[in-house]
Amino acid sequence: MPKRPITIDAKSIPKKRIHQDALRVVSRLRRQGHEAYLVGGCVRDLLLGRRPKDFDIATAAHPRQIRRIFRNARIIGRRFKLAHIFYGDHILETATFRSAPQSDDDEDDLLITDDNDFGTAQSDALRRDFTINGLFLDPIDMEIHDWVGGLDDVDEGVLRTIGDPYVRMAEDPVRILRAVKFATRLGFRIEDDTWEAMLAHAPELERAAPPRILEEIMRLSASGTALGSFRMMRACGALAVLLPELDAFVGERDVSDKDVRDRADRYWRLLGALDADVQAGNEPSRAVCLAVLWLRLIEHHAGLVDNMLHQEPDVDLFDVVTEHLEPLVQDSRLPRRTFIIARRIIAEQFRFDDVPGDDARAKLFTLTEHFPDALHLFKLRCRAWGQGWQRYEAWEQTYQEMEKASDEEVQGLRKKGRRRKRRRPRKRRRSKT
Ligand code: ATP
Ligand code: MG
């Protein structure tokens with residue numbers, strides 16, 4: 001074990017890329033005599049020329065000492081205390097160096113249950129997940145300290161666990177999903193042993209807390225690299241454990257059954273459409289992501305064969321969606337509201353089969369709370385199948401117009417809509433919520 005880290009000059013990182021508040025926290029801790037660094041994702045991203053999402057700080061100061069130095073600090077967490085330092089609504093997470101976690105007495109069970117001991121910069125680096133996430137940046141002297149070989153891996157574009165991958169994946173199987181996330185987001189190659197360990201430990205994802213898994217999955221779906229992520233999850237066996245129904249739906253990579261291959265192609269195309277949309281700068285809601293992930297499977301079960309027309313299905317779409325998605329509410333603490341919106345926007349896709357024209361009900365539809373999500377989903381379908389753009393634009397235009405409509409105009413449409421409804425009862429079943 002090295003006594004000193006490899007240290008390199010980091011002056012090539014423009015200082016203006018480091019948030020002022022992060023600099024303030026580190027220099028204040030330093031002036032009070034405590035070792036302190038920027039750590040984790042921000043160092044990795046700065047080295048790669050990417051904009052860090054946030055700036056995390058690790059320090060030798062204990063939570064109580066941090067609290068004494070910063071009046072704007074709040075200590076959070078029960079199991080492992082860390083400080084949130086507030087500058088307006090900007091929060092800097094400042095954690096005390098930890099030591100390597102102790103696992104339970106049972107030697108075969110490596111799952112981390114206690115993560116509570118304070119340690120040194122070195123021990124704190126070693127308990128992190130991947131080498132590229134284990135770098136420490138001293139933003140005062142502009143130096144990077146590397147205890148884990150992360151600098152080489154950043155240079156070479158390699159994702160590798162710190163320490164024995166089999167041990168690290170066993171300790172926390174959610175690291176498998178984190179590996180998928182970083183490898184796809186950064187376009188890094190997963191080092192062979194790390195990959196083998198992912199395959200070996202994927203079945204243990206079953207033991208991980210379902211809400212944490214759902215959170216990772218939702219983030220992957222909105223990441224702009226959902227397609228790569230889900231394919232990689234399938235390849236390492238994580239998808240089969242976490243979402244067996246979707247895994248079976250897309251089948252294996254080289255499946256010979258042409259029907260399965262076709263439906264898998266279509267499934268991936270929709271994810272690709274979501275990625276393209278995210279990369280164009282749009283942010284899908286959780287409900288839209290959820291709908292995208294399950295749409296093809298639900299259409300399949302509902303016998304909706306045409307990709308672009310949602311016509312009246314033989315079965316009730318509402319029930320099909322409920323059957324497949326409601327378990328997530330119970331098991332994974334998916335917010336019921338997200339489920340309800342996802343169900344609704346799937347069930348309402350048939351409304352986009354026609355252009356809105358001058359129809360009062362179509363215009364009123366654009367005023368409903370979930371219309372933007374429903375339209376977003378429709379846009380992704382258009383993108384995936386390369387059709388329907390004119391319809392999409394017509395709806396988008398009606399939506400824009402209706403946003404500006406006066407109260408009187410809306411009242412008038414409501415009356416008209418009601419009158420028409422009485423004369424010609426709708427064939428299609430109304431949404432329940
Ligand atoms: P992102 O850009 O997605 O925020 P990140 O690397 O900052 O990526 P976070 O989830 O914010 O990831 O975690 C911050 C740091 O905490 C990581 O860089 C890593 O060093 C450490 N870490 C997070 N989760 C784990 C884990 N499950 N096991 C070990 N270390 C972890
Ligand atoms: Mg982060």
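Start with the contacts across the whole protein chain. Among those between residues at least 6 apart in sequence, 66% join residues at least 24 apart. Keep in mind that this is a predicted model.

**The whole chain**

Show the C-alpha trace. Along its principal axes, the trace of the protein chain spans about 80 × 55 × 40 Å. Switch to a cartoon view. The secondary structure comes to 20 helices and 12 strands. Colour by burial next. Of the 433 residues in the protein chain, 38% are buried.

**Two domains**

Select residues 1-156 for domain 1, then 317-423 for domain 2. The C-alpha centres of the two domains lie 45 Å apart.

**The sheet**

Now find the open sheet of 8 strands. Trace its strands in the order 1-10-9-2-3-6-5-4. The pairing is mixed. Which strands stand at the edges? Select 6-9 for strand 1 and 73-76 for strand 4. Each has a single partner strand, so one side of each is left without a neighbour in the sheet. Look along the sheet for its twist. On average, neighbouring strands are turned by 30 degrees against each other, direction ignored.

**Strand by strand**

Strands of a sheet pair through backbone hydrogen bonds, in either the parallel or the antiparallel sense. Both senses can be visited here, one pair at a time.

- Select strand 2 and strand 3. They run antiparallel, joined by 4 bridges. Pick A36, then its bridge partner in strand 3, T59.
- Move to strand 3 and strand 6. This pair is parallel, over 3 bridges. Pick I57 and find its bridge partner in strand 6, T94.
- Go on to strand 5 (residues 82-87) and strand 6 (residues 90-96). They run antiparallel, with 5 bridges between them. H84 has E93 of strand 6 as its bridge partner.

**A helix across the strands**

Select residues 20-31, which form helix 1. What does helix 1 lie across? Highlight strand 2 (36-39), strand 3 (56-59), strand 5 and strand 6: helix 1 lies across these. Compare directions with strand 2. Helix 1 runs at about 150 degrees to that strand.

**Ligand 1**

Finish at ligand 1. Which residues surround ligand 1? Select G40, G41, K53 and D56, then R128, D129, N133 and G134, and last D172, V174 and R175. Colour this shell by residue class. The shell around ligand 1 divides into 6 charged, 4 polar and 1 nonpolar.

Methods. Residues numbered from 1 in each chain as written. Chains lettered and ligands numbered in written order. Predicted model: local features only at pLDDT ≥ 70, side-chain atom pairs only at ≥ 80, totals over all residues. Pairing = 2+ DSSP bridges. Helix = DSSP H or I, 4+ residues; strand = E, 2+ residues; numbered from the N terminus. Axes fitted to C-alpha atoms, helices over the stretch in contact; angles between N-to-C directions. Contact = placed C-beta atoms within 7 Å. Buried ≥ 20, exposed ≤ 12 C-beta atoms within 10 Å, placed from the backbone. Near = placed C-beta within 6 Å. Nonpolar A, V, L, I, M, F, W, Y, C, P; charged D, E, K, R; others polar. Domains from an automatic or database assignment.
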